[in-house]
Amino acid sequence: MAAVMDAGPQALVKDGKVSIYQPEQKGLIFPELPVFSNPAAHRQHLKERLVGACRAFAQQGFDYGFAGHLTVRDPENPGLYWTNPMAIHFSQVKVSNLICADHQGNVVEGRHAINRAGFVLHAAVHEMHQDIVAMCHAHTVYGTAFASLGKKLEPITQDAAAFFEDHVVIGDEAGQVAVEVKAGHKVAHAFKGVKAAIHQNHGLLTASRHSIESAAFWFIALERCCQQQLMVDATGIAPKLVTPERARYSREHVGSEYIGWLHFQTIWDELVATQPDMFD
Ligand SMILES: [Zn+2]
C-alpha cells in the first residue's frame with residue numbers, strides 16, 4: 001500500500017517545468033518519500049516522526065511548561081490521532097509515551113492524559129478538514145509576541161514568502177484560553193486552504209495536508225519569520241518587500257508541503273544520530 005502522501009516529487013513539476021529541487025541526479029543520494037507495505041508499518045513511521053517533531057521543538061526552545069501539542073492522524077482510523085502526552089517535556093517524548101485520542105478527546109491508547117485545551121483546537125481542525133493529517137502548536141517567544149500585533153507576516157524575505165497568502169490571523173476569542181469547543185471551530189474555519197495561522201494573543205499553529213514533518217518544519221520556519229519580522233520592525237525602517245508576484249512564485253517553489261518535508265529530513269537525521277531514545 002502506498003503512503004498517504006499526495007504531494008511528493010510530482011508536485012515539483014509545475015506548468016511542465018521541473019523545479020530546481022527535483023532530484024534529476026540519478027545514482028546520487030537524495031531523501032525519498034516512504035512507501036509502506038501495511039498500516040502498522042505506516043503507523044510506526046508516523047509515531048516516530050511525531051516524536052522527532054517533538055524533539056525538534058525541544059531543540060528550538062519551543063517549550064513553555066506543558067503548553068504545546070502536535071498531532072498526526074492515524075493512517076488506518078482517520079477519526080483518531082496521535083499526540084504528545086500531557087505534561088511531558090518535548091525532549092522526553094518517545095514512541096512509548098505517545099497517546100492516541102478520538103475527536104471527543106478520549107484517550108483510546110496510551111497511559112498518559114491528554115491536553116484538553118490542545119485537543120479542542122486540533123480536533124476541530126482535524127474534524128473539519130479531513131485532508132489535514134498533522135498539526136503543530138506551541139507558545140513560542142517570537143510567534144506569541146508577534147501574534148499580539150494581530151497582523152500578518154509581510155514578505156520581507158524569500159523565506160517569509162513561503163507564507164505569502166498562505167496564512168491567516170485569527171483575532172476572535174483572542175487571549176482567552178482555548179478550552180471551549182466554540183474557539184476550536186473558529187480556528188478550524190480559519191484553516192481553510194492555508195498552512196498556518198497566527199492566533200492573536202496566543203501563539204502559532206501550522207497544519208499539513210502531507211506529513212507531520214512538513215507541519216513541524218513550517219512551524220519552525222514561521223517562528224523564525226516572526227522573529228525576523230519583529231527585528232526588522234524594531235529598526236523603525238520600512239523594509240523593502242518582495243513583490244506579490246515574486247512572493248507567490250517563491251511560495252510555490254520553496255513553500256510547498258514537499259519542501260517542508262524535505263527540510264525536515266536534515267533535522268530528522270541529526271535526531272536519529274544523537275537521540276536514540278526517541279524510539280524507546
Ligand atoms: Zn495554546
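This is a short talk that walks through one protein chain, from its overall make-up to a few single residues.

Hi everyone, and thanks for coming. Please keep in mind throughout that we are looking at a predicted model.

Let me start with the overall picture. The chain contains seven helices and 10 strands. Of its 280 residues, 41% are buried. If we take the contacts with a separation of 6 or more, 70% of them link residues 24 or more positions apart.

Now for the sheet. Eight strands make up an open sheet with mixed pairing, and their order is 6-5-4-3-7-10-9-8. Which strands stand at the edges? They are strand 6, residues 107-109, and strand 8, residues 167-170. Each of these has a single partner strand, so one side of each is left without a neighbour in the sheet. From one strand to the next, the twist averages 25 degrees.

Let's go to strand 3 and strand 4. Strand 3 covers residues 69-73, strand 4 covers residues 80-83, and the two pair in the antiparallel sense over three bridges. If you would like a pair of residues to find on the screen, V72 stands opposite W82 in strand 4.

Helix 1, residues 39-59, packs on this sheet. It touches strand 3, strand 4 and strand 7, with strand 7 being residues 134-138. The direction of helix 1 makes about 160 degrees with that of strand 3.

Helix 2, residues 116-128, also belongs in this part of the story. Helix 2 lies across strand 3, strand 4, strand 5 (99-102), strand 7 and strand 10 (203-208). Relative to strand 3, helix 2 runs at about 30 degrees.

That brings me to strand 10. How many of its six residues are buried? The answer is six of six, so to speak of strand 10 as mostly covered is fair. On one side of the story we have strand 7, which pairs with strand 10 in the antiparallel sense over five bridges. There, C136 stands opposite T206 in strand 10. Strand 9, residues 196-199, also pairs with strand 10 in the antiparallel sense, over four bridges. In that pairing, H199 stands opposite G203 in strand 10.

Strand 9 and strand 10 form a hairpin with three residues between the strands. One residue to look at here is N201, in the loop between strand 9 and strand 10. The phi of N201 is positive, near 60 degrees, even though N201 is a residue other than glycine. N201 is partly exposed, with 15 other C-beta atoms within 10 Å.

Next, the helices against each other. Helix 5 runs over residues 212-235. Its 24 residues, at 1.5 Å a residue, should span 34 Å, and the end C-alpha atoms are 35 Å apart, which agrees. After helix 5 comes G236, with a positive phi near 80 degrees.

What is the angle between helix 5 and helix 7? Helix 7 is residues 257-274, and the two pack at about 85 degrees with their axes 7 Å apart. Angles of 65 to 115 degrees count as roughly perpendicular, and therefore that is how we describe helix 5 and helix 7. On the helix 5 side, the contact is made by E213, S214, A216, F217 and W218, and on the helix 7 side by E257, G260, W261, H263 and F264. By class, that contact has five nonpolar, three polar and two charged residues.

Helix 7 also meets helix 1. Their axes come within 10 Å and cross at roughly 90 degrees, so helix 1 and helix 7 are roughly perpendicular to each other. G52, R55 and A56 of helix 1 make this contact with I267, W268 and L271 of helix 7. Here the classes are four nonpolar, one polar and one charged.

Two more residues before I stop. Q60 is in the loop between helix 1 and strand 3. Q60 is partly exposed, with 17 other C-beta atoms within 10 Å. Along the chain, Q60 and T140 are 80 residues apart, while their C-alpha atoms are separated by 9.3 Å.

Finally, A87 sits in the loop between strand 4 and strand 5. Is A87 buried or exposed? With 10 other C-beta atoms within 10 Å, A87 is exposed. A87 also has a positive phi of about 65 degrees, although it is not a glycine.

That's my tour, and thanks for listening!

Technical notes
Residues numbered from 1 in each chain as written. Predicted model: local features only at pLDDT ≥ 70, side-chain atom pairs only at ≥ 80, totals over all residues. Pairing = 2+ DSSP bridges. Axes fitted to C-alpha atoms, helices over the stretch in contact; angles between N-to-C directions. Contact = placed C-beta atoms within 7 Å. Expected span 1.5 Å × (residues − 1). Parallel < 35°, antiparallel > 145°, perpendicular 65-115°, else oblique. Nonpolar A, V, L, I, M, F, W, Y, C, P; charged D, E, K, R; others polar. Buried ≥ 20, exposed ≤ 12 C-beta atoms within 10 Å, placed from the backbone.
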